[in-house]
Amino acid sequence: MNNIKDIVDFIERSNYFLVTSHINPDGDNIGSTLSMYLALKNLGKEVYYVLDDTIPKNISFLTDDISILKSDNINIKNYSVITLDCGDKKRICIEDRLIENAQKLINIDHHISNDFFGDYNYVDSDGSSTCELVYNLLSQYELVKNKSIIDEKVATSLYTGLLTDTGNFMYQSAKETSFDMAKNLLKKGAKKDLIIQKVFQSNSFNYYKLLGEALNTLKVYNNKVALISVTKEMMEKNDISFGDVDGIASYTRDIEGIEVGILLKQKDENEVKVSLRSKSYVDVSEIAKSLGGGGHKRASGCTIYDSVDNAINKVIECVLKAI
Ligand code: 5GP
Ligand code: MN
């Protein structure tokens, strides 16, 4: 484990960077990667934002004027890679060659399942979000090097990830430090009202049609576990992309008396993405790990390569054992 200062010093003396995050991007993934990208640009570094996945619609307002490249288009030398919000080296969303050829790999993350895969690691599972860790790092940078790098756009990106990963400051992960961070980002010009409108108040009519169908699949097990499944057919029929369905997971957890909520999303005939959420005491990262995934105590995920019905049986068996 490195302290923040080692990473600050490394960034100060290096010039070429590639920043990236995990597959199935969410607000913290994009907020943390984008804020690091913009801060490195503010420092005059040559930096590329690379991600081989699509940005969810409700977050894309952040990246509309940013050039996000695919691995295919990258052919640079003597660069280092900074991965943000990636708990697992296998989930980094760029081609392996770009990781293998990097001079250094810097791993900044808050997943409890992170195994410190970088040459430099700033991993803290107490952080509400990777954005909180990036905020700490950039604030330290400003202090130690006497430079100003958190501008309005950086602040807006960081505030987005802080909001989405804390469920609008609702989860246990939102601590005093998160509120201090929010206050300081607002002082620096974070566009709070725009973020709320774009992220939480821009759902399409089709999204609600899909949500209606999804809620009809709701099943409860042992009064403590709730499950919703969304098939590929349901998404196609309502013209909703795979990456735009994540919000439905919280409906399962938010039922009175339910401790573990589960959302199954079918990506392909035999590929099902599982989201696990818990309310107060079950460590769902352990359940996800036992199914080949990982995450946080209260929010984790994995992929099961099987039919939806078989995936339901596998997940329910593991969850009922853990509860
Ligand atoms: P979600 O259910 O929203 O996709 O993910 C919840 C949390 O678990 C996120 O922090 C996400 O990064 C993590 N996560 C989701 N799927 C996987 C997975 O397959 N492997 C690992 N290591 N983490 C995952
Ligand atoms: Mn995160």
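**View 1. An open sheet of six strands with mixed pairing runs in the order β7-β8-β9-β10-β12-β11.** This close-up, like those below, shows a predicted model. The edge strands are β7 (219-221) and β11 (294-295). Each of these two pairs on one side only. β7 runs antiparallel to strand β8 (residues 225-230), and three bridges join them. Within β7 and β8, Y221 stands opposite V225. Helix α12 (residues 308-322) packs on this sheet. Helix α12 touches β7, β8, β9 (260-268), β10 (271-278) and β12 (299-304). The direction of α12 makes about 155 degrees with that of β9.

**View 2. A second open sheet, also of six strands, has parallel pairing and the order β3-β2-β1-β4-β5-β6.** Its edge strands are β3 (68-69) and β6 (120-123), and each pairs on one side only. Strand β1 (residues 16-20) pairs with strand β2 (residues 46-50) over four bridges, in the parallel sense. L18 has Y48 in β2 as its bridge partner.

**View 3. Helices α1 and α4 contact the parallel sheet.** Helix α1 (residues 4-13) lies across β1, β4 (80-84), β5 (105-109) and β6. Helix α1 runs at about 130 degrees to β6. Helix α4 (residues 130-145) packs on the sheet and touches β4, β5 and β6. The direction of α4 makes about 120 degrees with that of β5.

**View 4. Four residues coordinate the manganese ion (ligand 2): D28, D85, H110 and D165.** The aspartates D28, D85 and D165 donate through OD, and H110 donates through NE2. Distances are 2.2 to 2.4 Å. Along the sequence, the donor residues follow the spacing D-x56-D-x24-H-x54-D. D28 lies in helix α2 (residues 27-42) and D165 in helix α5 (residues 152-165), so this pair ties together parts that are 137 residues apart in sequence. D28 is buried, with a relative accessible area of 0%. D165 has 19% relative accessibility, and it counts as buried because the cut-off is under 20%.

**View 5. Ligand 1 is surrounded by 15 residues.** The closest are H111, K273, S275, R277 and H296. S275 places a side-chain N or O atom 2.6 Å from an oxygen atom of ligand 1. R91 has a polar side-chain atom 3.2 Å from an oxygen atom of ligand 1. At G294 the backbone takes part: a polar backbone atom there lies 3.2 Å from a nitrogen atom of ligand 1.

Conventions
Residues are numbered from 1 along each chain as its sequence is written. Chains are lettered from A and ligands numbered from 1 in the order in which they are written. This is a predicted model: local features need pLDDT of at least 70, side-chain atom pairs count only at pLDDT 80 or more; totals for chains, interfaces and linings use all residues. Side-chain values use heavy atoms; hydrogens and water are left out. Donors are N, O and S atoms within 2.8 Å of the metal (3.2 Å for Na, K and Ca); water is not among the atoms, so sites may look incomplete. Buried means under 20% relative accessible area, exposed over 50%, partly exposed in between (1.4 Å probe, protein chains only). Two strands pair if DSSP finds at least two bridges between them. Contact means heavy atoms within 4.5 Å. Axes are lines fitted to C-alpha atoms, for helices over the stretch in contact, and angles run from 0 to 180 degrees between N-to-C directions. A residue is near a molecule or strand if one of its heavy atoms lies within 4 Å of it. A polar contact is a pair of N or O atoms within 3.5 Å; within protein, one must be able to donate a hydrogen and the other to accept it, and residues adjacent in sequence count only if both atoms are side-chain atoms.
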